[in-house]
Amino acid sequence: AYIASMARYAARLYARERCRLPGRWAASLYDAVRHVFRYGRWSWTGMTVDEIWLKYEMELRNERGLPDPREKEAWRREVDG
């Protein structure tokens, strides 16, 4: 699955490189602004493969009712639970 997501990521970047200049700028700017609002840092290429995996991991955790591992309180509740 990781290799497949890398291939999709590479295909997306290739498609962005092949489009005409105004479309390329618009798509890159849109990805960059969206990334700043979500992650607090600038990225012209949008989400990295690791961020995509983390996103889907968090979705699965939420569906199954598991705590977010990035929160210390969640770990305490799970241990004390």
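**Exercise 1. Salt bridges**

A search of the whole structure, which is a predicted model, finds 2 salt bridges. Work out which side chains meet in them, and where those residues lie.

*Solution.* Let's start with the pair that involves the loop.

- Step 1: The side chains of Arg 41 and Glu 51 form a salt bridge, with 2.6 Å from N to O.
- Step 2: Arg 41 sits in the loop between H2 and H3, while Glu 51 belongs to helix H3, so this pair ties together parts that are 10 residues apart in sequence.
- Step 3: Now check the exposure of each partner. Arg 41 has a relative accessible area of 42% and is therefore partly exposed. Glu 51 is at 10%, and because buried means under 20%, it counts as buried.
- Step 4: The other salt bridge joins the side chains of Arg 61 and Glu 57, at 3.4 Å from N to O.
- Step 5: Arg 61 and Glu 57 are 4 residues apart in helix H3, which means about one helical turn separates them. Glu 57 is partly exposed, at 35% relative accessibility.

**Exercise 2. The overall fold**

Describe the secondary structure of the chain and how much of the chain is buried.

*Solution.*

- Step 1: Count the elements: there are 4 helices and 0 strands. Read from the N terminus, their order is α-α-α-α.
- Step 2: Turn to burial. The chain has 81 residues, and 19% of them count as buried.
- Step 3: Add the surface. The accessible area of the chain is about 6,700 Å², and carbon and sulfur atoms account for 60% of it.
- Step 4: Finish with the contacts. Taking those between residues at least 6 apart in sequence, 26% join residues at least 24 apart.

**Exercise 3. Ala 32 and its neighbours**

Is Ala 32 buried or exposed, and which residues does it touch beyond four places away in sequence?

*Solution.*

- Step 1: Place the residue: Ala 32 is part of helix H2.
- Step 2: Its relative accessibility is 0%, so Ala 32 counts as buried.
- Step 3: Leaving out residues up to four places away in sequence, Ala 32 touches Trp 42, Ser 43 and Trp 44.
- Step 4: Look also at Gly 46, which is 14 residues from Ala 32 in sequence; their C-alpha atoms are 5.8 Å apart in space.

**Exercise 4. A nonpolar patch**

Which residues form a nonpolar patch on the surface, and how does Phe 37 fit in?

*Solution.*

- Step 1: The patch consists of Leu 29, Val 33, Phe 37, Trp 42 and Trp 44. Together they have about 580 Å² of accessible area.
- Step 2: Phe 37 lies in helix H2, which covers residues 21-39.
- Step 3: At 71% relative accessibility, Phe 37 is exposed, because the cut-off for that class is over 50%.
- Step 4: Link this to the previous exercise: Trp 42 and Trp 44 belong to the patch, and both are touched by Ala 32.

**Exercise 5. The largest pocket**

Find the volume of the largest pocket and the residues nearest its centre.

*Solution.*

- Step 1: The volume of the largest pocket is about 320 Å³.
- Step 2: Its lining has 13 residues, and those nearest the centre are Tyr 9, Arg 12, Met 47, Ile 52 and Tyr 56.
- Step 3: Ask which helices contribute: H1 (2-18), H2 and H3 (49-64) each supply at least two residues of the lining.

**Exercise 6. A pair distant in sequence**

How many residues apart along the chain are Asp 50 and Tyr 2, and what separates their C-alpha atoms?

*Solution.*

- Step 1: Asp 50 is found in helix H3.
- Step 2: With a relative accessible area of 53%, Asp 50 is exposed.
- Step 3: Asp 50 and Tyr 2 are 48 residues apart along the chain, and 9.3 Å separates their C-alpha atoms.

Technical notes. Residues numbered from 1 in each chain as written. Predicted model: local features only at pLDDT ≥ 70, side-chain atom pairs only at ≥ 80, totals over all residues. Heavy atoms only, no water. Patch = residues over 30% accessible without salt bridge, like charges linked within 9 Å, V, L, I, M, F, W, Y side chains within 5 Å. Areas by Shrake-Rupley, 256 points an atom, 1.4 Å probe, with all protein chains shown as cover. Salt bridge = Lys/Arg side-chain N within 4 Å of Asp/Glu carboxyl O. Buried < 20%, exposed > 50% of the residue type's maximum accessible area, 1.4 Å probe, protein only. Contact = heavy atoms within 4.5 Å. 1 Å grid on protein atoms, 1.4 Å probe; cavity = no way out; pocket = protein on both sides within 12 Å on 5 of 7 lines; lining within 4 Å. Points joined across faces, edges and corners; volume = space filled by probe spheres on them.
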